[in-house]
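Thank you all for making time this morning. I would like to walk you through one model, with the sequence and the structure on the screen as I speak.

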Protein chains: 2
Amino acid sequence: MTATETTPAQQPQAPATSATAPLFAGRALRASGKVLPEHARSHNRSLVLQTLYTQGAQSRADVARETRLTRVTVSDLVAELIAEGLVVELGQREDARPGKPATLIDVDRAGFHVVALDLSEHTRFRGAVLDLDGGIVARAEVALDGATGERAVELIVELLDGLLALTTARVLGIGVGSPGVVEPNGVVRSAPNLGWTDLPLQERLTAAFHLPVHVANDANVAVLAEHATAPGDLILVKVGHGVGAGLIVGGRPVLGAGSAAGEIGHVVVGTDGGPRCACGKHGCLESWLAVPRLTAELERLGTTDAAASAREETLREAGRRLGIVLAPVVGALNLSEVVLSGPTELLDGPLLEAAVETLRNRTMAEHHRDLRLRMTAHGQDIVLRGAAVMVLSGQLGVS
Amino acid sequence: MTATETTPAQQPQAPATSATAPLFAGRALRASGKVLPEHARSHNRSLVLQTLYTQGAQSRADVARETRLTRVTVSDLVAELIAEGLVVELGQREDARPGKPATLIDVDRAGFHVVALDLSEHTRFRGAVLDLDGGIVARAEVALDGATGERAVELIVELLDGLLALTTARVLGIGVGSPGVVEPNGVVRSAPNLGWTDLPLQERLTAAFHLPVHVANDANVAVLAEHATAPGDLILVKVGHGVGAGLIVGGRPVLGAGSAAGEIGHVVVGTDGGPRCACGKHGCLESWLAVPRLTAELERLGTTDAAASAREETLREAGRRLGIVLAPVVGALNLSEVVLSGPTELLDGPLLEAAVETLRNRTMAEHHRDLRLRMTAHGQDIVLRGAAVMVLSGQLGVS
DNA sequence: TTTGTTCGTAAGGTTTACTAACAAACGTGA
DNA sequence: TCACGTTTGTTAGTAAACCTTACGAACAAA
């Protein structure tokens, strides 16, 4: 031990300290409550459902192999699920194999509908009936006409009445993507555009329709749709009248200490000022990137060929600003995927290209080789799809 | 339904789409493997240990009330823990209460030591023996003298030999905070300063000492210490020769897609250039904030009274740059706590003040009313403490 | 001394998922 | 054609886990 200097007791400048009380008194070791065998069963029940849902029709033995549960246990769980009507038998497997022919089972995909609402647009509330695979069965919408407060809630109830009338199967639940800050219990703490403050929307709708209701912020809902089709940590940036984001970190949605995660619209970009924002600050992300600002700017420049490069530069600049704000987030969380949602004609082109370039130039390339920045594949329906995922996850998945 | 427009089938521009394959085929519903009753028991076992650890000596009945398990179950679990030597009986409770006097039990705090290493300094490896409460029992260190690669590993082994000789109780495990990118399995993928690439440090040390070994990035380890004393989501920024960060989101450490979460040292700050960084870019956070750069700048300005305001401005500017980088992260994650670790004489003063101010000016105040930015209370020992937490959590906690 | 309280343990029951064994149903090959 | 192997799904029994119920021990207060 030539190079080692041990200082067991005597060391003047850095004495050995002894804590009197437990130093790590916080939640270093996370206590998440007791677990009973019945909780284990409900977990395994969900596991079977998930396997069927994601992998499609298959035999009990297939599920057993996939989940590593035994055939006996799977049979038992499936019997329970069939009794509840969540799973159905589809008859015998067609293909010719040795051994007893398998009885195919699957989630009763035709037996359930989900109702989803997107409250994030400024002029209307959109809604849809979806099947369990995320396919949109029917749509409905209602014009806002400036309605706020209680009148807006009434419109939601009317819209849901109409949608529920369009369902042709049992309704698994109602999912709502709302603007503003929404607490985990479905209370809209603050949605300025709708004039809502501490509105218990989930409770209200549950009381009105006697169905499971899930309410969350629109961007936080949208990221669920994206995560459902592309697993892995990601941030979804939703560009509309405002700019919001939803994050999945460690496989879980991020809510934040004040349920305000993803509220990046009013983060200031760069150190060179910028347009004045409605919030009073200069150079907020929204003041660069929000749709009204971009369309107004493009309109100002005109549609002539001569102004084409100026229009493109406007979009590139917005993209650069987005990249500047995202760089610290992508770096700190080591995200592998950034997804944009909003008007394709504005976002998908120079704006997206500039954002990628900026993001790469401002982070350490070595750590983000496989970083992808792309448009969502869900288009305008991303919030509706995400709301459906939220209901599916809440009603069928591991809570 | 006056204002509601339902469009069940006919809607030209936005037809009802029907997904052919399960749309949500990803991991929307997270499948985390089957759960057996024995897993439930090990969970409850940890729950009892956690309760004892955080709340101190108490009776079995106290633990039962706290955990909501029955006295019978707690007795059973405690018997198992006593047999394993993790828990000890301390005799009867002193105070006078009606009923049968309680037998106090507690984690065997005097019976275990943890060995921790901090490899993040440039000139030396530091190590310590800690008791279960995080108190430092003994210290040791070894000078690096420019050692890299295999020689650096040898120094670690020598240091651990010395530390293990100083332990006077059973050793629960070894925790190591290493610079660079460390994968979850304890492989150091890249640590340029030490010349390490894909070094299986955890495996090497386990083989050498036959003890549980946990290895993680130094900043990611440090944030564990902070989280242990202050629950809630937080980011810890560690300022030293470089700048790194560790994050706790949703109560869990963030690792990132490439295990490189927290690597914010080379994120570019602002839109006005900045000092040239070793990585080639201009205006990286490190080029503003790293200790060598700050001390060099302060030295250049001199120690005269006349230069006092210039020195302060240097620190304020560094603080502002930190605030600029943190604003999008704090906004996106809605963090309530930012903690700084590093030389107090540099960080705790104008730098920290400027960072708070900048952070507040660049985010939406409404969402961050209770945002706190402060120095760590762990001082220089934060990585050692965090490494101990990592071992405690891994060996005693819910995995 | 009596009464009520609290602690820890013992006994028995329920739930859970496991292993072992088996019948049914099918292809394969002699 | 028929024995054989394979696969499926079920039945029966076992081990583990936590529960409820009950009880003796030990104490304070009346």
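Let me begin with the side chain of A:Ser75, where an N or O atom lies 2.7 Å from a phosphate oxygen of DNA strand D. Please keep in mind throughout that this is a predicted model, and that each distance I quote is computed from it. The side chain of A:Arg65 also takes part, with an N or O atom 3.0 Å from a phosphate oxygen of DNA strand D, while A:Arg60 uses a polar backbone atom, which is placed 3.3 Å from a phosphate oxygen of that strand. If you ask which elements give two or more residues to the surface near DNA strand D, they are α2 (60-67) and α3 of chain A, together with α1 (37-55) and α3 of chain B. The largest share, 4 residues, is given by α1(B).

In total, 27 residues are found around DNA strand D, and those that come nearest are A:Gly99, A:Lys100, A:Thr103, B:Arg41 and B:Thr73. By class, this surface is made up of 10 nonpolar, 8 polar and 9 charged residues. What part of the strand do these residues meet? Of the atoms of DNA strand D that lie within 4 Å of the protein, 66% belong to sugar or phosphate, and the rest belong to bases.

Let me turn now to DNA strand C, which is surrounded by 28 residues, the closest being A:Arg41, A:Thr73, B:Gly99, B:Lys100 and B:Thr103. Here sugar and phosphate make up 68% of the strand atoms that come within 4 Å of the protein. For B:Thr103, a backbone N or O atom is placed 2.7 Å from a phosphate oxygen of DNA strand C. A polar backbone atom of B:Arg60 lies 3.3 Å from a phosphate oxygen of this strand, and for B:Lys34 the distance of 3.3 Å to a phosphate oxygen involves a polar atom of the side chain. The elements that supply two or more residues to the surface near DNA strand C are α1 (37-55) and α3 (71-84) of chain A, along with α2 (60-67) and α3 (71-84) of chain B. Of these, α1(A) provides the largest share, with 4 residues, and the residues of this surface divide into 11 nonpolar, 8 polar and 9 charged.

Next, the protein chain itself. Chain A contains 12 helices and 17 strands, and its C-alpha trace spans about 80 × 70 × 45 Å along the principal axes. Of its 399 residues, 58% count as buried.

Two helices of chain A deserve a moment of our time. Helix α12, residues 382-396, has 15 residues and reaches 20 Å from its first C-alpha to its last, close to the 21 Å expected at 1.5 Å a residue. Because 12 of its 15 residues are buried, α12(A) is largely enclosed by the rest of the structure; among the buried residues are A:Arg385, A:Met390 and A:Leu396. Helix α4 of chain A, residues 149-166, has 18 residues that should span 26 Å at 1.5 Å a residue, and its end C-alpha atoms are 27 Å apart, which agrees. The buried residues of α4(A) include A:Leu155, A:Glu158, A:Leu159 and A:Gly162. It helps to recall that an α-helix has 3.6 residues a turn, so residues three or four places apart point the same way.

I would also like to mention two loop residues, bearing in mind that most residues other than glycine have a negative phi. A:Asn334, in the loop between α9 (308-333) and β16 (337-341) of chain A, has a positive phi, near 50 degrees. B:Asp145, in the loop between β7 (136-143) and α4 (149-166) of chain B, likewise has a positive phi, near 50 degrees. Which of them is buried and which is exposed? A:Asn334 is buried, with a relative accessible area of 1%, whereas B:Asp145 is exposed, with a relative accessible area of 74%.

Finally, a word on the aromatic rings. The count of aromatic pairs over all chains comes to 0. There is, however, a charge over a ring in chain A, where A:Arg321 lies over the face of A:Trp288 at 4.0 Å from the ring centre, and in chain B, where B:Arg321 lies over the face of B:Trp288 at 4.0 Å from the ring centre.

Terms used:
Residues numbered from 1 in each chain as written. Chains lettered and ligands numbered in written order. Heavy atoms only, no water. Expected span 1.5 Å × (residues − 1). Buried < 20%, exposed > 50% of the residue type's maximum accessible area, 1.4 Å probe, protein only. Phe/Tyr/Trp six-rings, centres within 6.5 Å; stacked < 30°, edge-to-face > 60°. Lys NZ or Arg CZ within 6 Å of the ring centre and 35° of its normal. Near = heavy atom within 4 Å. Polar contact = N/O pair within 3.5 Å; in protein donor to acceptor, adjacent residues only side chain to side chain. Nonpolar A, V, L, I, M, F, W, Y, C, P; charged D, E, K, R; others polar.
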